[in-house]
Amino acid sequence: MPPPTGRRGGGFRRGRGGRKPSSSSAPYQIPENAGAVGRLHSNAQQQSEAPAMKSLANGATDGQKLTPYADMEGTLDSNLLASLKAMGFEYMTPVQHKVLTDLPTLSSDCLVQAKTGTGKTAAFLLPALQNMLAGNAPPKGKVGILVICPTRELALQIATEAEGMTSKLSPKIECHTAFGGTKRDIALKKLLNGNPTILVATPGRLDDLLGEKEVREKLTHFKTLVLDEADRMLDAGFAPAIYKILKRLPPKSAGWQGMCFSATLPDKVNDVVKGILFPGYTSISTMDPNESPTLDRVPQFVVNVASVKQTFAALLALINTEYNANPEDFKIIVFGTTANGVALLYDMCKEALPAFNMFELHSRMSQAARTRTTEQFKNAKHGILVASDVVGRGMDFPNVGLVVQLGLPMNAEQYVHRVGRTARAGKDGRAVIILFANESFFTKTNPGLPIKPYPVDIVAELPSHQPTVEKALATIDEAAKAKAYQAFLGYNKGFIKKFNLTPKDFVEVANEYAKSMGCPEPPMIDKMVVGKMGLKGVEGLNIGRRER
Ligand SMILES: Nc1ncnc2c1ncn2[C@@H]1O[C@H](COP(=O)(O)OP(=O)(O)OP(=O)(O)O)[C@@H](O)[C@H]1O
């Protein structure tokens, strides 16, 4: 039997035009204490020689044998099977197998949990498509499958996978997307004039479009509603939009199928799925409730530094160590906490790491730039993506070998999803989080996460990277630093209690961050913004009106 492959057939194009950081052009030399990382990497490399999908099965199901899609003849439409074959999906991943075989019928409601990168997209698209092909299709011109997900990038990715999965169907099925950042009128016209059998949307734009009677009419006969990243879709941020959307769709009693998927499903999700899933819905999980929600084959580490001032140098030292230990196809993601913080981090890294192919992705960029960068990083063979959480969930960037988190994720779930951007489809990967002293509670309060101290003494490396950081930051304009400072205050103020700091001491930490960026004094911050942050009257802030 040929070795199964975890790669998406035809999905990988070679990187275009990126500079390869060779050891001669790289700014760094192998540090003497990189041995521990080197040894860990060589283990990982040995593992990655094993067939990717085999390790996927091992990781998720204790070596359970994978079942070929060919065995689903008679259950799945032959044209669907042909599409899967064309995509290179030869074997079912465990979650795909469970959903396709454990559901009472392929039109049953379900809540499904499986680890990141294990093929949940196909696991919800296949039953929904099969259900339609088995005679339960909507009238021509109407939506049959509605998928709601949290980000624009993810909507595009799901739509691409749906297109692949329907490529051999005849007649062709149209898959449409609806998300913000694009011209509303054009999107509306395209939706109304088209034949959108599948619609993948983000909640804000969908809610907005459903204000139009013609759009509501498009959805009068839909058969399946999928909430991808269901816990995120039902949290406080998105739930109001989801409930508004539900009110504008045909009622649950109309008989449509509800499917909720995620790698993280905190217990509270069960209380809020009413309205989407009928009581008695099927719960499916490929995970042991006592095991870590992250993939076993992803070693996870923490680098603890004393002060926020050291975090930039720690990042460079870490990249140096990891690159020198494994320079081949070095493709990594660095997550920051806020859009403006990420913009600053990107500018710093671009300046400090000129030999690397750098990418930037966050919500302050135009949608066109976001889409372009997403595509470029998907196709890149190597490079560093500095990103915010716009790509923290669901995004499939092939062959990312390392995820670095600089600063606190909002919660443990967000940590898990960010880590899940590596080691996808059976590949190997590593994850490192860099925390300064006040943030170190994160690993202590989440003992279920298998995070170990980083095996190399990064703190000892800091002095040799500090001058590079300072030189790079000196090239960045004050306005960008002021925005990053304000974002730092805004994001981290939510953690004051966990930091165990008074507001005054918290502002001092933020001011240290400003100092580390080379700001001679704390950047000016609007009185109104300070009020909104709940920091009115707190000593140490430089309050005034900033030039925009
Ligand atoms: N049966 C399969 N055979 C080969 N490749 C597959 C198969 N199923 C999925 N893949 C590939 O595996 C990768 C991960 O799949 P997918 O994005 O659906 O994971 P996920 O479980 O939804 O991840 P996340 O939790 O991060 O959203 C994708 O590149 C996908 O094309």
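This is a conversation about how domain 1 and domain 2 meet in a predicted model.

Colleague: How do you know where domain 1 and domain 2 begin and end in the protein chain?

Modeller: The bounds come from the domain assignment, which gives domain 1 as 63–285, domain 2 as 294–474 and domain 3 as 477–544.

Colleague: What makes the meeting of domain 1 and domain 2 a contact, and how many residues does the contact take from each?

Modeller: Contact requires heavy atoms within 4.5 Å, and the contact takes 21 residues from domain 1 and 21 residues from domain 2. The C-alpha centres of domain 1 and domain 2, for their part, lie 31 Å apart.

Colleague: Why is the pair Asp296 and Lys115 called a salt bridge?

Modeller: The closest N and O atoms of Asp296 and Lys115 are 3.6 Å apart, and because the cut-off for a Lys nitrogen and an Asp carboxyl oxygen is 4 Å, the pair counts as a salt bridge. Between domain 1 and domain 2 the count is four salt bridges, and there are also eleven residue pairs in polar contact.

Colleague: Which element gives the most to the side of domain 1 that touches domain 2?

Modeller: Helix H6 does, with five residues; H6 spans 152–165, and helix H10 (230–233) also gives two or more residues.

Colleague: What is the area buried between domain 1 and domain 2, and which three residues supply the most of what domain 1 buries?

Modeller: The buried area is about 1600 Å², with carbon and sulfur atoms giving 53% of it, while Thr116, Glu153 and Gln157 supply 36% of the area that domain 1 buries against domain 2, more than any other three residues.

Definitions and conventions:
Residues are numbered from 1 along each chain as its sequence is written. This is a predicted model: local features need pLDDT of at least 70, side-chain atom pairs count only at pLDDT 80 or more; totals for chains, interfaces and linings use all residues. Side-chain values use heavy atoms; hydrogens and water are left out. Domain bounds come from an automatic or database domain assignment. Buried area is the accessible area (1.4 Å probe) that two parts lose on being put together, summed over both. A salt bridge is a side-chain nitrogen of Lys or Arg within 4 Å of a carboxyl oxygen of Asp or Glu. A polar contact is a pair of N or O atoms within 3.5 Å; within protein, one must be able to donate a hydrogen and the other to accept it, and residues adjacent in sequence count only if both atoms are side-chain atoms. Helices (H or I, at least four residues) and strands (E, at least two) are DSSP runs, numbered from the N terminus.
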